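Biologist: I am new to this structure. Please pick a single part and take me through it closely, with its surroundings.

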Amino acid sequence: MNKKFLIFFSFFVLSMPTFNQMVYEFQDSLQEKRFYSLISEIRCPKCTSGSIASSDAPVSRDLKKKVYELILAGSSDEEIKVYVSERFGNFSDYRPALEGANYILWFGPFVFLSLMLVIFFLKRRV
Amino acid sequence: MNQFLRFSILLLPILILLFFGKVLLVDEDTKFKNFESKSFPEFQLNDLNGNPVKAKSLDGLKLVNVWASWCITCLVEHPFLTQLSDKNIQIIGLNYKDSDTKAIAWLQKHGNPYLFSIYDPRGDLAFDLGVTGAPESYLILDNQVIAHTQGEMNQAKWDNIFLPLIKKARQRS
């Protein structure tokens with residue numbers, strides 16, 4: 001009976017997610033912190049939205065591995081982001097560049113808000 | 001003043017509708033059309049037969065197609081690629097995260113539209129190219145990547161994205 005239980009529970013232990021996941025080991029906690037903040041700031045190229053941290057697509061796995069390797073090799077955050085966008089395009093960056101139609105994205109909400117405020121105060125005076 | 005207010009309140013939903021209309025009804029190929037050309041990454045890989053691939057083989061106008069024997073959509077686009085190669089479009093395969101024996105067997109079974117296939121089992125060259133999965137296609141002009149599509153290559157994508165660039169390139173030369 002005991003033996004059966006042992007075998008039964010060993011299934012649970014052996015199927016723990018740790019056996020299945022890539023484990024990243026860092027030299028210090030700063031590197032680790034940078035890693036986790038970077039992978040949440042790089043967009044998964046295979047997903048509609050979502051970072052590579054939230055994705056298990058093969059390309060996201062490759063990207064995470066690359067970010068990890070680059071951190072260990074001493075690259076800065078900015079260098080890593082450039083490295084990724086050189087290959088996967090500006091799409092990989094969550095912060096859209098300040099150019100062209102993106103001005104609407106960046107300043108549209110403020111224009112909209114000020115317009116609303118103007119209308120609101122004009123309306124109150126009437 | 002009151003009239004202006006009424007007018008602007010009416011105008012607002014129209015503007016919002018226009019904005020979302022523009023964002024949502026955007027042509028799906030637009031993101032492929034806005035591709036910024038870049039040079040083809042350097043690599044040291046063999047073809048499927050084990051011969052080293054020379055950078056010179058990417059001179060001229062070439063279609064680089066990312067494929068694998070495990071990739072189902074590659075099988076879907078395969079007849080179209082065969083048509084292209086029959087029309088003298090030079091296609092180079094990039095065999096992506098595959099095993100060479102399986103890849104060779106796949107080509108024997110379904111036909112080989114490629115001049116040769118670069119064997120990239122770890123996906124190193126694919127990563128530098130910005131491949132997100134198979135199939136994807138790249139248009140190469142003298143070692144420069146000038147266009148990129150993801151997913152199945154078909155007549156519509158070909159006519160819409162690659163053909164105008166090919167015509168332009170042929171006019172110049």
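**A close look at one strand**

Modeller: In this predicted model, start with strand β2 of chain B and its partner β5(B), residues 136-141. The two strands pair in the antiparallel sense, over 6 bridges. One facing pair is easy to find: B:Val64 stands opposite B:Tyr138.

Now turn to the other partner. β2(B) also pairs with strand β3 of chain B, residues 91-96. Here the sense is parallel, and there are 5 bridges. Look for B:Leu63, which stands opposite B:Ile91 in β3(B). Strands of a sheet pair through backbone hydrogen bonds, either parallel or antiparallel.

How do β2(B) and β3(B) connect? Helix α3 of chain B, residues 72-86, joins with them in a right-handed β-α-β unit.

Step back to the sheet. It is open, has 6 strands and shows mixed pairing. The order is β1-β6-β5-β2-β3-β4 in chain B. At the edges are β1 (38-39) and β4 (117-120), each pairing on one side only. On the way from β2(B) towards β1(B) you meet β5(B) and then β6(B). β5(B) and β6(B), residues 144-150, run antiparallel and are joined by 6 bridges. There B:Ile140 stands opposite B:Val145.

A helix covers part of this sheet. Helix α6 of chain B, residues 155-172, lies across β2, β5 and β6. Its angle to β6(B) is about 170 degrees.

Is β2(B) enclosed or open? Of its 7 residues, 61-67, 6 are buried, so the strand is largely enclosed by the rest of the structure. In a regular strand the side chains alternate between the two faces of the sheet.

Take B:Val66 as a example of what surrounds the strand. Beyond its neighbours within four places in sequence, B:Val66 is in contact with B:Leu94, B:Tyr96, B:Ala126, B:Val131, B:Ala134, B:Pro135 and B:Glu136. B:Val66 also belongs to the largest nonpolar core, which has 26 residues. B:Val66, B:Leu94, B:Tyr96 and B:Ala126 have the most contacts inside that core. Several elements of chain B give two or more residues to this core: β2, α3, β3, β4, α5 (124-129) and β5. A second, separate core has 13 residues, including A:Leu38 and A:Ile71.

That brings in chain A. A:Leu38 in helix α2(A) and A:Ile71 in helix α3(A) are among the residues where these two helices meet. The helices pack at about 145 degrees, with axes 10 Å apart. The crossing of α2(A) past α3(A) is right-handed.

Methods:
Residues numbered from 1 in each chain as written. Chains lettered and ligands numbered in written order. Predicted model: local features only at pLDDT ≥ 70, side-chain atom pairs only at ≥ 80, totals over all residues. Buried ≥ 20, exposed ≤ 12 C-beta atoms within 10 Å, placed from the backbone. Helix = DSSP H or I, 4+ residues; strand = E, 2+ residues; numbered from the N terminus. Pairing = 2+ DSSP bridges. Right-handed = clockwise from strand over helix to strand, strands pointing away. Contact = placed C-beta atoms within 7 Å. Axes fitted to C-alpha atoms, helices over the stretch in contact; angles between N-to-C directions. Core = buried A, V, L, I, M, F, W, Y, C linked by C-beta atoms within 7 Å. Left-handed = near helix turned anticlockwise from the far one by under 90°.
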